[in-house]
Amino acid sequence: MFGLFSFWRTFDSVVFYLTLIVGLGGLVGNGLVLWNLGFHIKKGPFSVYLLHLAAADFLFLSCHMGFCVAQAALGAQDTLYFVLTFLWFAVGLWLLAALSVERCLSNLFPTCYQGCWPRHASAILCALVWALTLPAVLLPANACGLLRNSRRLLVCLRYHVASVIWLLVLACVAYTAGVVLFVWVTCCSTRPRPRLYGIVLGALFLLFFCGLPLVLYWSLQPLLNFLLSMFLPLATLLACINSSAKPLIYLASGRQPGKREPLRVVLRRALGEGAELGAREQSLPMGLL
């Protein structure tokens with residue numbers, strides 16, 4: 001019994017420090033992406049999504065790192081930790097779903113998309129995502145006693161079920177758009193494969209293997225706490241990998257082998273036709289697009 005307890009303590013420490021290392025690397029990577037997309041690259045419809053997605057990942061990792069330091073110093077963990085970190089994770093999930101759908105529409109209906117899609121629609125959608133995710137996460141958390149000690153069982157159940165359905169719908173929308181985009185670009189489209197296509201599919205791949213365990217924990221938290229006490233640390237580690245690896249996907253999509261280039265050049269190339277579309281919208285009349 002003592003050996004098993006010692007093993008779990010060692011395992012928990014290894015996961016804790018791995019999460020810190022991954023989170024620190026992700027903070028640096030997403031910070032660089034934020035700096036370059038925010039100040040050095042012209043805003044296009046898809047660069048706006050990547051900017052907001054990097055901001056959500058940066059906030060997720062910042063909150064996690066801050067709470068990890070507090071946990072190591074004080075030796076206690078508050079339920080507020082999970083609520084705040086999951087809040088920014090949910091923003092990223094919603095942004096990825098919106099990016100996947102818009103990327104899919106721009107490939108399936110390019111003429112209609114360029115002619116009818118409003119110029120600032122992406123920025124407006126991102127603002128709505130930030131505004132709507134707050135009540136979608138905080139209301140169930142408050143009703144279920146994660147933000148305060150009181151818990152209203154029926155209200156908690158109602159809000160929690162609505163929250164889980166919302167998260168599952170977002171995941172299904174993102175993956176459906178990703179599958180349609182993959183089939184269209186691979187089998188049907190005669191246009192050159194855009195680099196942003198690889199970014200979207202890579203982010204969805206990461207979400208499936210590294211992001212969904214945290215969604216599962218949010219959905220079945222009491223059951224998983226009772227049956228698998230190590231599920232949350234492992235799900236958090238995978239979620240940190242999900243947030244930290246996206247800058248590497250941007251780098252892999254935009255870099256040219258054998259060349260050392262500034263990150264802003266690599267990001268500009270990774271955005272590909274999305275950045276070019278944004279530039280054309282600002283420089284040409286709508287009728288010429």
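Mentor: Accessible areas here come from the Shrake-Rupley method with a 1.4 Å probe, and they were computed on a predicted model.

Trainee: What share of the area that the protein exposes is supplied by carbon and sulfur atoms?

Mentor: The protein exposes about 14,800 Å². Of that area, the part that carbon and sulfur atoms supply is 73%.

Trainee: How many helices and how many strands are there in the protein?

Mentor: Read from the N terminus on, the elements run α-α-α-α-α-α-α-α-α-α-α-α. The count for the protein is therefore 0 strands and, as helices are DSSP runs of H or I with at least four residues, the number of helices is 12.

Trainee: Is Ser-106 buried or exposed?

Mentor: Ser-106 lies in helix 3, which spans residues 79-108, and residues up to four places away in sequence aside, Ser-106 touches Phe-46, Tyr-113 and Arg-191. Its relative accessible area is 6%. Because buried means under 20% relative accessible area, Ser-106 is buried.

Trainee: Which residue has its backbone oxygen 2.8 Å from a polar atom of the side chain of Ser-106?

Mentor: The contact in question pairs a polar side-chain atom of Ser-106 with a backbone oxygen, at 2.8 Å. The residue that provides this backbone oxygen is Arg-103.

Trainee: Which residues touch the most other members of the largest nonpolar core?

Mentor: This core holds 75 residues, and its largest share, 16 residues, comes from helix 3. Leu-214 touches, among others, Phe-60, Phe-82, Phe-89 and Leu-232, and its partners also include Phe-86. The residues that touch the most other core members are Phe-86 and Leu-214.

How values were computed:
Residues numbered from 1 in each chain as written. Predicted model: local features only at pLDDT ≥ 70, side-chain atom pairs only at ≥ 80, totals over all residues. Heavy atoms only, no water. Helix = DSSP H or I, 4+ residues; strand = E, 2+ residues; numbered from the N terminus. Buried < 20%, exposed > 50% of the residue type's maximum accessible area, 1.4 Å probe, protein only. Polar contact = N/O pair within 3.5 Å; in protein donor to acceptor, adjacent residues only side chain to side chain. Contact = heavy atoms within 4.5 Å. Core = buried A, V, L, I, M, F, W, Y, C linked by side-chain atoms within 4.5 Å.
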